[in-house]
Amino acid sequence: MVKKLLKLLIIEDEQSLRDNITNYFNEDGNICESCSDLACAIDKLSSHDYDCILLDIGLPDGNGFAVLEYLQGQTKNEAVLIISARNSLDDKLKGLNIGADDYLTKPFHLAELKARVAAIYRRKSFSSNNNLVFNEISINLLGRTVDVNRAPVILTRKEYEMLLYFIANKGKVISKNAIAEHLWGDEMDMHDNFDFIYTHIKNLRKKLLDAKCNDYLRSIYGIGYKFYAE
């Protein structure tokens, strides 16, 4: 089973702890972004979606609970784990009551933090509507539909499968042969060359760009393609 890599937002004003958490999760290939204050956090959340947010509630320019209130107001569905030096029952109850999924008191072991993140993400995934989200791209896995910036993008079956394959392997260089084997299996023997892959990728890229999607697809000369995880 392929391990799910997560996109995390770490909201923590203590730089050493923020760096330690970022480095620890990056070791597994997760994508980590970070903020040291409330203003930066709200700015990032207004533009991007994340799998999980690690939230310190004691921020220099405001209370971290404001992040939870913002998420509720925007009907965003990120999992949230509060990490805080505050150990009072009132703080824990308030955080959980306004949308946090878990509460971990400082100091903590990074291994426990990772286990908590994995657990709440699993719970969130099972209760969600089976959406796969990568930045501005949202894929409904049950309905097999794709939205970019909340607007529908009509893809052929192969374009849809290709997009899923690229996102699942984002940041990796994928050979043309690997793409052909994954999407066409034994049928790829019917083709004399890989021009059919180029055609599908060209059409997929055009549809995404027409929908104002960032240009993540790159051709790697002589090898294949890469879907950048930016």
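Select Cys-52 to begin: in this predicted model, its relative accessible area is 0%, so it is buried. Its sulfur has no partner, because the closest cysteine sulfur, in Cys-32, is 10 Å away, too far for a bond. Now click on Cys-32 itself. Cys-32 counts as buried too, at 17% relative accessibility, since the cut-off for buried is under 20%.

**The disulfide**

Next, show Cys-35 and Cys-40 as sticks. A disulfide joins these two cysteines, with 2.5 Å from S to S. The structure holds one disulfide, and Cys-32 takes no part in any. As a reminder, a disulfide is a covalent bond between the sulfur atoms of two cysteines. Look along the S-S bond of Cys-35 and Cys-40: the angle about it is -60°, and the link is left-handed. Are its two ends buried or exposed? Cys-35 is buried at 2% relative accessibility, whereas Cys-40 is partly exposed at 26%.

**Zooming out**

Pull back to view the whole protein chain as a cartoon. You should find eight helices and 14 strands. The C-alpha trace spans about 65 × 35 × 30 Å along its principal axes. Of the 230 residues, 41% are buried. Switch on a surface, and you are looking at about 12500 Å² of exposed area, 50% of it supplied by carbon and sulfur atoms. Colour by charge and you will find 29 positive and 33 negative side chains, with the centres of the two sets 2 Å apart.

**Two nonpolar cores**

Hide the surface and select Ile-137, Leu-163, Phe-166, Ile-179 and Phe-227. These residues have the most contacts inside the largest nonpolar core, which has 29 residues. Which elements give two or more residues to this core? They are β9 (137–140), β10 (145–148), α6 (157–168), α7 (176–184), α8 (195–210) and β14 (224–227). Helix α6 gives the most, with six residues. Apart from this core lies another, of 21 residues, including Ile-11, Ile-57, Phe-65 and Val-80. In soluble globular proteins, nonpolar side chains tend to be buried together.

Return to Phe-227 for a closer look at its surroundings. Leaving out residues up to four places away in sequence, Phe-227 touches Phe-134, Ile-137, Leu-163 and Phe-166, among others. Its contacts also include Lys-170, Lys-172 and Tyr-216.

**A buried acid**

Now select Asp-91, in helix α4 (residues 89–97). Asp-91 has a relative accessible area of 16%, so it counts as buried. Which residues is Asp-91 in contact with, leaving aside its neighbours within four places in sequence? They are Ile-57, Phe-65, Arg-86 and Tyr-103.

**Backbone stops**

The last stops are in the backbone. Most residues other than glycine have a negative phi, and most peptide bonds are trans. Go to Lys-106 and Pro-107, which are joined by a cis peptide bond with omega about -5°. Pro-107 sits in the loop between β7 (102–105) and α5 (110–127).

Move on to Asn-135, in the loop between β8 (131–134) and β9. Asn-135 is not a glycine, yet its phi is positive, at about 50°. With 6% relative accessibility, Asn-135 counts as buried.

Finish at Asn-149, in the loop between β10 and β11 (151–153). Here phi is near 55°, again a positive value in a residue other than glycine. Asn-149 counts as partly exposed, at 43% relative accessibility.

Technical notes:
Residues are numbered from 1 along each chain as its sequence is written. This is a predicted model: local features need pLDDT of at least 70, side-chain atom pairs count only at pLDDT 80 or more; totals for chains, interfaces and linings use all residues. Side-chain values use heavy atoms; hydrogens and water are left out. Helices (H or I, at least four residues) and strands (E, at least two) are DSSP runs, numbered from the N terminus. Buried means under 20% relative accessible area, exposed over 50%, partly exposed in between (1.4 Å probe, protein chains only). Accessible areas come from the Shrake-Rupley method with a 1.4 Å probe; for residues, only the protein chains shown count as cover. Lys and Arg count as positive and Asp and Glu as negative; His and the chain ends are not counted. The place of a charge is taken as NZ of Lys, CZ of Arg, CG of Asp or CD of Glu. A nonpolar core is a set of buried Ala, Val, Leu, Ile, Met, Phe, Trp, Tyr and Cys residues joined through side-chain atoms within 4.5 Å. Contact means heavy atoms within 4.5 Å. A disulfide is a pair of cysteine sulfur atoms within 2.5 Å.
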